[in-house]
Every structure is written in C-alpha cells, then in structure tokens.
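Me: Please take a close look at one part of this structure for me. I would like to see how a sheet is put together and what packs against it.

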Amino acid sequence: MTKHAARRQIQRLPPLYNAVMRIKLNYKTLLLYAAYALALVALNSALPRVPFSLGLCFAMLVCGANIIAAPVIYALSSIVNLDWITMLLSLFECGFLTAITFIYRRTGKKIRFEGAAYIAVALAPFIAFSRWQGITGLNFAYSPYILKAVAAVAVVLFTFFAFRTTYALLFRLYRCRLRPDELICIAVTCAVIGIGLRNLIGLHAYICVATGVCALAVRLSKSPVALIVACVVAVPCAVSELDLNHVTAFVLITVAALAFAELGRFAPPLTVAAGCALYLYFCGAYTGAVASTVIFAIMPALCCLLAVLPSEKGLETVRGLLAVKKVLPRADEEIYKEYVSEKLYRTSEVFREIENAFIALDDRPDDLAMKKRMLAEAKQIMCANCKRRDSCADTKVYRGFSALIEAGCLKGKVSFVDLTSDVTLNCNEPTALTETVNRLLYEYRKTTLEAENARSGRRLLAGQARGVAEVLKSRAVEFCRESEDYSKLEKKIVAELAAGGVSCPEIRVRGRANKQITLTLVDCKNFAPVKKIVEKTAGVKLMLKDKTVYDGQKSAYVLAEPPAYDAAFGVAYAVKDNEKVSGDTHTVIKINEHSFLMALSDGMGSGEYARKVSATAISLIEAFYRSEMPTDIVLDTINKLLCFNRDERFTCIDAAAVDLNTLTASFIKVGAPVGMIVRKGEIKVLESRSLPLGILDNLHPTTCKEQLKKDDIVVFMSDGVTSAFNGVSDLYDFLQTLKPLNPQSLAEKILAAAKERVLGTPDDMTVLCVRIFERQV
C-alpha cells in the first residue's frame with residue numbers, strides 16, 4: 001500500500017479531524033444543521049457586517065461537514081445583514097474556503113495551521129470592499145481599512161475557538177471527558193453567539209432565554225457547574241451593556257435555584273422564573289407599553305417551563321453519557337481476578353481431597369479371607385448334618401477341602417480329578433462337594449469382579465479428580481498473576497490513535513510473552529487502519545481476537561499476538577468394501593490460540609460398531625485436550641472407559657499436540673501404525689510399541705517430542721493404509737518419490753497408492769496430513 005492510499009484509509013475512519021460527514025436524513029442531522037444555521041444567524045448579528053460566522057463555517061468544513069450544505073447555509077445566513085455587498089462577500093468567502101476544503105479532501109491531506117492563512121485570504125475582500133465603519137464610540141483609528149483589518153484578525157482568532165468547539169461537540173462529547181482547553185473554547189464560542197443573540201432579540205428577551213438555560217443547567221448538573229453556565233450566558237449582557245452587574249444577577253439566580261435543586265423537577269425552574277421576573281423589573285422591562293409588559297411577564301415562565309419538560313430518567317441518561325463511564329475499571333477487574341483465583345484454588349483443593357479419598361478407599365479384594373470364607377461355607381453345607389462330622393475332625397479331610405478350593409480359584413472350576421486322597425478316603429459325598437465348591441467359586445468370581453470394577457471406578461474418578469484439580473490450580477495461578485505495567489505504552493497508543501483521528505477513551509494492555517490489547521473505540525467503521533497504528537506503536541503483529549459492541553457508537557476490540565506459524569490439513573479416506581461407514585475417525589482442533597491437536601482413531605473391525613468406538617475415543621480426546629488436562633490422565637481415562645463394557649471394544653490412537661510458536665510437537669501413539677514427518681530431503685518414521693486402547697487396564701503409550709520445521713507435513717495413517725504397503729520401507733520409498741506441498745494432495749496420493757496395491761478396499765483406509773507454514777499477518 002502506498003503512503004497516499006494509507007492516508008485515504010485513515011481518512012475513512014470516524015476521525016476527529018478532516019472527516020467527511022455524509023448527510024443522512026434523520027433527526028440528528030436535521031438538529032445539527034438547524035443548530036448550525038441558528039448559530040450563524042446569531043454570529044452575523046454579533047457585530048453586523050463582520051463575518052464571525054465565517055469562522056464557524058470553516059470549522060464545520062474542517063471537521064467534515066457536508067461540502068455543499070455547510071457553505072450554502074452560511075451564504076443564506078448572511079441575508080440577516082440586509083446588505084447586498086455583504087452577501088456577495090459571503091459568497092466569495094464560502095466559495096473560496098469550500099474550494100480549498102474540496103482540494104484537501106481529494107488529495108487526502110489535512111488542513112492544519114495553514115488554515116489561518118486560507119481564512120485570512122478569504123477575508124481580504126472584506127477589508128477592501130466592506131461598508132463596515134467600526135463600532136460607534138470605539139474607533140481607535142482614522143482609516144477604516146485598519147479597523148476592518150483588526151476585525152479580520154478577530155475573525156481569524158474566533159475561527160480557532162470555533163474549530164475547537166466544533167471538534168469537541170461533534171466528536172468528543174458523550175464519548176470521553178472534555179479537556180479544560182476545550183471547555184474554555186466552548187465557553188468563548190457560546191459567549192460570542194450569545195452576544196449576537198442578544199443583539200438580535202433584544203436585552204429583555206435574551207435575559208428570559210438565558211435564565212431558562214440556567215434552569216436547565218441546574219436540573220442537569222445539580223452542582224456548581226451551573227454557575228459556570230450562568231457566567232457564560234451573562235457575558236453577552238455584560239459586554240453589550242458594559243455592566244458586570246448582569247453577571248452578578250445571573251449568578252444569584254442560579255445559586256437560589258441550586259438551593260432547591262433536590263426538591264424535585266419544578267422547584268429550580270420556578271425559582272429561576274421568579275428571579276428572572278425580578279431581574280427584568282430592575283432592567284425596566286415593565287415600564288413600557290402594556291403589551292410588552294404582559295409579554296415579558298409571561299416569557300420567564302415559558303422559558304423556565306422548558307426546563308421542567310425533561311424527565312429525571314432522561315436527564316439521568318444524559319448525565320451518564322456526559323460522565324463517560326469506564327467500561328474497563330481496573331480496580332474492579334483486579335478485585336474480581338483475585339476473587340475468581342481464590343475460588344478456583346479452593347475448588348481445586350476440593351477435587352484433590354476427592355482424589356485422596358478415592359485412593360484411601362482403593363483396597364484390593366482379600367483373596368485369603370475369601371478362601372477362608374468359602375472353606376467355612378463348604379464345611380457348613382457338607383458337614384452340618386453329616387454323621388461322620390466328629391470323626392472327620394480327627395482326619396485330614398478339611399485339608400483336602402482347602403486344596404480343592406485352591407485348585408478351583410486357579411482353574412475357575414473343579415471336577416473329580418481335583419479331589420485329593422484326603423477327601424476321597426474320608427468324605428462320603430465327593431460329588432456334592434464338587435458341586436458346592438463350584439457354586440461357591442461362581443459367587444466368588446462374581447463378588448471379585450464387582451469389587452474390581454468398583455476399584456477401577458474409584459481409580460478412574462481419582463484420576464479425573466486429580467486432572468480437574470490440576471487444571472483449576474493452573475487457571476488460578478494464571479488468573480492471579482500480577483499484570484505488567486504497560487501504562488506508558490497505553491498512553492502512547494492512545495496518543496497515536498488520536499493523531500490518526502481515532503477516539504480511544506479506554507485501553508488495557510496485558511500479557512508477558514503474548515501481549516493482548518483491549519481498547520474501546522468510538523464510532524469505528526473501518527478497523528484495519530486502527531490495527532496498523534496499534535501494531536506500529538506496540539511493535540508487534542496483532543490479530544483481532546474479539547469484538548463487543550456496547551452501544552450504537554462504542555465498541556471494545558481485543559487484539560492478541562498471533563502464533564508465528566499456522567497449519568493446513570488434508571484428509572482422504574475410503575470405506576471398506578460392502579460397508580456403509582468407516583470405522584476410522586479423525587479430528588484437527590484448536591486447543592487455544594497458540595496450539596492445535598490432530599488425532600486419528602482406528603476402531604478395531606469395521607462398520608458402524610468400529611466407528612462408534614473410534615468416534616467415542618476422538619470425542620473424549622477433543623474434550624480433554626480443550627480443557628488442557630494432563631495427557632496421562634486423558635489416555636488412562638479413555639482406556640478405562642473402553643474397558644468398562646461386556647464386549648471387546650478397543651481402538652488405536654495417533655495424536656499430536658503442536659505448539660505454533662515453538663513448533664514443538666508432542667506425539668502419542670497407542671497401538672497405532674507408523675506415522676511420518678515429511679520434510680524437504682528427509683522423512684522421519686514414528687512407530688508405536690503399545691497395545692490399543694481398551695485391551696488392558698494398565699496403559700503404556702508410546703510418547704515422544706519432535707521439533708518440527710517450517711513446511712513439515714505430519715502424516716497419520718490407519719492400518720488399512722499401512723498394511724497395503726510391503727512394510728515401512730515400501731511406504732518410505734513411495735513417499736521419497738513425492739514432492740508434497742499441498743497436504744490434501746499428499747493424502748489423496750497415499751490413499752490412491754494403497755488402494756492400487758491391494759486392488760480394492762479390504763479395510764477402512766484413512767490418511768490425515770497437516771502442513772506447518774509461516775503465518776502471514
């Protein structure tokens with residue numbers, strides 16, 4: 001992008017300077033230009049034939065007002081002077097400044113301090129041709145040209161105040177707290193407009209309007225701020241009459257209204273109306289004709305009635321907007337972080353205690369006690385009613401019972417061949433004895449299986465409790481970690497955004513290794529140039545992570561450092577002949593912003609049953625890894641869950657968790673066939689030495705860490721693919737002939753080669769490829 005194009009992009013933001021405010025037919029636009037027109041009329045009356053209104057017109061153009069509407073309204077407002085020469089001068093002035101503004105907007109430049117020179121040039125015809133002869137009684141020079149030159153300088157100075165006022169009211173009011181210099185400029189501009197209004201409608205009518213403004217200020221602020229408003233609206237009276245008693249009168253009326261500010265919506269306006277009537281009396285408003293006396297008796301009540309109309313709810317809304325409440329209060333945020341961290345840590349302790357409780361209760365069944373109980377029950381059943389009971393006590397028959405039970409525990413069932421001589425020589429009912437022992441052995445196996453299942457369940461729950469405890473504890477530590485102090489960087493970003501014409505009332509930078517910047521913008525339509533400014537100031541590449549819209553104008557943006565690398569994946573699969581679905585399942589998911597997981601599950605067998613097993617394993621792996629639970633707990637949990645069934649359900653797992661910043665990959669292979677890392681000039685083989693999940697209760701997966709490189713392709717294959725090749729060497733030689741760039745293309749070529757070698761699809765076949773590449777922000 002060229003420098004010229006970049007400037008144009010920044011101009012398309014909702015900037016605070018030199019923007020283009022397109023006219024939209026709504027009440028806001030109508031109110032804006034109506035207020036602009038009234039202000040122009042008042043300024044034309046401030047000092048008749050002196051174009052103070054030109055300063056406001058130029059300020060509106062610089063701040064982005066419509067290039068047709070603003071000058072047309074200015075030209076029409078000059079009619080109030082009732083002088084055709086003044087009207088012609090106004091046409092030249094607005095035409096010249098409009099042309100200058102048009103050129104700047106087309107070139108994408110900003111009008112800066114050279115604006116004073118442009119308005120001075122626009123005022124040159126005023127000095128040369130205007131009929132204005134100065135102020136009566138204040139002519140300090142004999143030459144009218146010198147007087148008009150002084151008036152032109154005053155117009156140029158007023159333009160500065162008008163620009164700052166327009167800038168503040170259009171782009172900063174309701175969005176951020178106004179600065180003291182902006183408040184001063186607003187006061188000066190309003191005072192000049194007030195002088196024109198006073199000259200236009202007369203002293204007595206102006207007093208009524210000004211006191212109505214004071215009443216509204218008292219209701220809105222309910223604070224001494226209303227006194228500042230009173231002083232500002234009193235300036236026109238004091239200047240026109242050269243009497244400071246007017247300021248005193250307005251201040252006293254406002255103080256009286258503030259005394260009743262908390263007594264409801266009617267008390268302050270009524271107080272102001274009474275004070276205004278008294279004020280008008282001392283100004284001689286009631287000494288004229290009866291009609292004027294009646295009018296000036298009614299006007300204070302009418303003007304102050306306007307201050308009664310706004311409801312308290314509406315005023316509260318305006319107060320909220322003027323207060324510019326922070327969306328990201330840091331104190332509350334830190335308190336909340338501490339509270340949540342404490343809760344997370346305490347909850348992790350609960351789960352740790354649950355783990356300890358399950359471990360404490362994890363006792364194996366006592367085989368010796370079980371055998372003794374079976375022996376006692378066998379004695380009770382066989383010998384309770386036997387006539388030889390007393391004589392058997394002196395023989396070794398019970399030793400034979402013990403030997404028979406021991407043999408049954410080893411074999412699972414006894415027969416006549418397991419009877420020892422101690423039994424055959426001394427027991428009259430060997431058949432009943434074998435039946436009794438077999439029945440006891442069945443109950444023994446049932447009890448042992450239930451106890452072992454309960455024990456496996458306790459160990460599973462203990463492992464889960466440990467995993468949850470570790471996750472919660474790590475989150476608690478991360479949450480309560482002390483934030484870095486980025487206050488200087490925050491101020492710098494806000495300053496750079498302001499220079500680019502962007503209003504950013506709030507900003508927060510956090511993070512050590514990976515910065516995250518949260519900022520609130522006002523009326524942002526195009527975020528791309530804003531992002532470039534923030535990136536340049538912070539010195540890091542950023543990506544938009546989240547956006548929250550608070551109201552029609554404010555939006556919060558979250559920028560975060562992206563990972564250095566990214567990944568693209570491709571998959572190719574084929575269903576076993578005469579089957580409808582594949583028993584293989586794969587996934588590629590994002591663990592967090594800087595890492596991802598790829599996994600391939602091969603359910604043993606084929607069809608719907610195998611797919612159900614592999615899909616279950618993949619779903620569990622996805623859920624556990626997203627929660628960032630320790631890997632050993634993840635695999636152990638899935639293994640035990642697959643073992644908890646009456647059928648033989650097992651699956652092979654190939655998984656890899658890859659860090660996209662360091663390119664460190666953690667591989668886990670459980671009964672899976674070989675995997676490959678294909679890189680330029682090298683192929684690395686990854687093999688598994690463990691049984692699939694769901695076969696044995698104790699799991700010993702094959703794990704390893706590999707350092708990946710840019711443009712590496714990780715390849716996972718199900719056994720239907722690898723078995724089609726004549727061993728690993730055949731697969732290795734085939735991959736050597738390829739020049740893989742696209743992971744999807746590589747997966748399709750491997751699958752096609754496998755199907756070609758076995759002339760069909762005798763088993764489910766799946767190839768999953770993921771390519772690592774450098775991220776372009």
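**The sheet and its helices**

Reply: Start with a helix. Helix α28, residues 743–758, lies across β5, β13 and β14 (765–774). Helix α28 runs at about 25° to β5. Keep in mind that this is a predicted model.

Now take the sheet itself. Five strands make up an open sheet. Read across, the order is β5-β14-β13-β10-β11. The pairing is antiparallel. Strands β5 (565–574) and β11 (682–686) are the edge strands, and each pairs on one side only. From one strand to the next, the twist averages 15°.

Look next at the β11 edge. Strand β10 covers residues 675–679. Five bridges join β10 to β11, and the two run antiparallel. Pick out one of the residues: Gly675 has Leu686, in β11, as its bridge partner.

A second helix packs on the sheet here. This is helix α27, residues 727–736. Helix α27 touches β10, β11 and β13 (713–717). The direction of helix α27 makes about 150° with that of β11.

So which strand do both helices meet? Strand β13 is touched by α27, and α28 lies across β13 as well. Each helix also meets an edge strand: α28 lies across β5, while α27 touches β11. Both β5 and β11 are edge strands of the sheet.

Conventions:
Residues are numbered from 1 along each chain as its sequence is written. This is a predicted model: local features need pLDDT of at least 70, side-chain atom pairs count only at pLDDT 80 or more; totals for chains, interfaces and linings use all residues. Side-chain values use heavy atoms; hydrogens and water are left out. Two strands pair if DSSP finds at least two bridges between them. Helices (H or I, at least four residues) and strands (E, at least two) are DSSP runs, numbered from the N terminus. Axes are lines fitted to C-alpha atoms, for helices over the stretch in contact, and angles run from 0 to 180 degrees between N-to-C directions. Contact means heavy atoms within 4.5 Å.
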